[in-house]
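Visitor: Could you take me on a close look at the aromatic side chains here? I would like to follow how they pair up and where they sit.

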Amino acid sequence: METLVEDFLQYLRHERGQSAHTQRTYDGLLKQFIAWAHRTGLTSWHQVELKHLTAFLQHERARPLAHEAKDSTRRLSSESVYLEIAALRALYRYAEEEKLLPRNIAENLS
C-alpha cells in the first residue's frame, strides 16, 4: 500500500507541481489510512471498498484529537475530515488514470 502512496507523491511533485506542504499533508493523511487499514486486516488497495473508506472516515471523525486525552470530547473538525476525503479522492483518481486500480471508489465520498 505504501508503494502506491510513494508513487502518487512523486506524481504530485514532478507532474502536478504541488507544493511541498501539500505533499506532506497528503502523505500524512494517507499514512493514517494505511495504518488504519492494516489494523483492520487490509493489506492491498485492491481489497479496499467504499465501505472501508467510509468506516475510516467515521473512525477519524470519532477519535479524539492527537494532543487530547482519550476521554476528551473534542474531535476532528469537518475541515480536517474533508482533507482526508480530498487526499483519498486524489490518490484514487491518480491510480485509476495510471491503470493501477480498476476504478475510483473514492469519487463519491462526501
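Guide: Happy to, and let's begin with Tyr92: this residue is buried, because its relative accessible area is 2%, under the 20% cut-off. Please keep in mind that the model is predicted. The ring of Tyr92 forms an aromatic pair with Trp45, with 5.7 Å from centre to centre and 85° between the planes, an edge-to-face arrangement. Trp45 is buried as well, with a relative accessible area of 5%. This pair links distant parts of the chain: Tyr92 belongs to helix 4 (residues 78–97), Trp45 to the loop between helix 2 and helix 3 (50–62), and 47 residues separate them. Both rings also belong to a wider group, since Phe33, Trp36, Trp45, Phe56 and Tyr92 form one aromatic cluster.

Now for the pair count, which comes to eight aromatic pairs. One of them joins Phe8 and Tyr26, whose ring centres are 6.1 Å apart and whose planes meet at 10°, so the pair is stacked. Here too distant parts of the chain are linked, with Phe8 in helix 1 (residues 2–14) and Tyr26 in helix 2 (residues 20–39), 18 residues apart. Phe8 and Tyr26 are both buried.

Tyr26 leads us on to the largest pocket, which holds about 160 Å³ of space. Its lining has 13 residues, and Tyr26 is among those closest to the centre, along with Leu12, Arg16, Ala90 and Arg93. Helix 4, the home of Tyr92, gives the most to this lining, with seven residues. By type, the lining residues are eight nonpolar, four charged and one polar.

Definitions and conventions: Residues are numbered from 1 along each chain as its sequence is written. This is a predicted model: local features need pLDDT of at least 70, side-chain atom pairs count only at pLDDT 80 or more; totals for chains, interfaces and linings use all residues. Side-chain values use heavy atoms; hydrogens and water are left out. Rings of Phe, Tyr and Trp (its six-membered ring) pair if their centres lie within 6.5 Å; planes under 30 degrees apart count as stacked, over 60 as edge-to-face and the rest as tilted. Helices (H or I, at least four residues) and strands (E, at least two) are DSSP runs, numbered from the N terminus. Buried means under 20% relative accessible area, exposed over 50%, partly exposed in between (1.4 Å probe, protein chains only). On a 1 Å grid over the protein atoms alone, a cavity is a set of points where a 1.4 Å probe fits but cannot get out, and a pocket is an open set with protein on both sides within 12 Å along at least five of seven lines; lining residues have an atom within 4 Å of a point. Grid points are joined across faces, edges and corners, and a volume is the space filled by probe spheres set on the points. Ala, Val, Leu, Ile, Met, Phe, Trp, Tyr, Cys and Pro count as nonpolar, Asp, Glu, Lys and Arg as charged, and the others, Gly among them, as polar.
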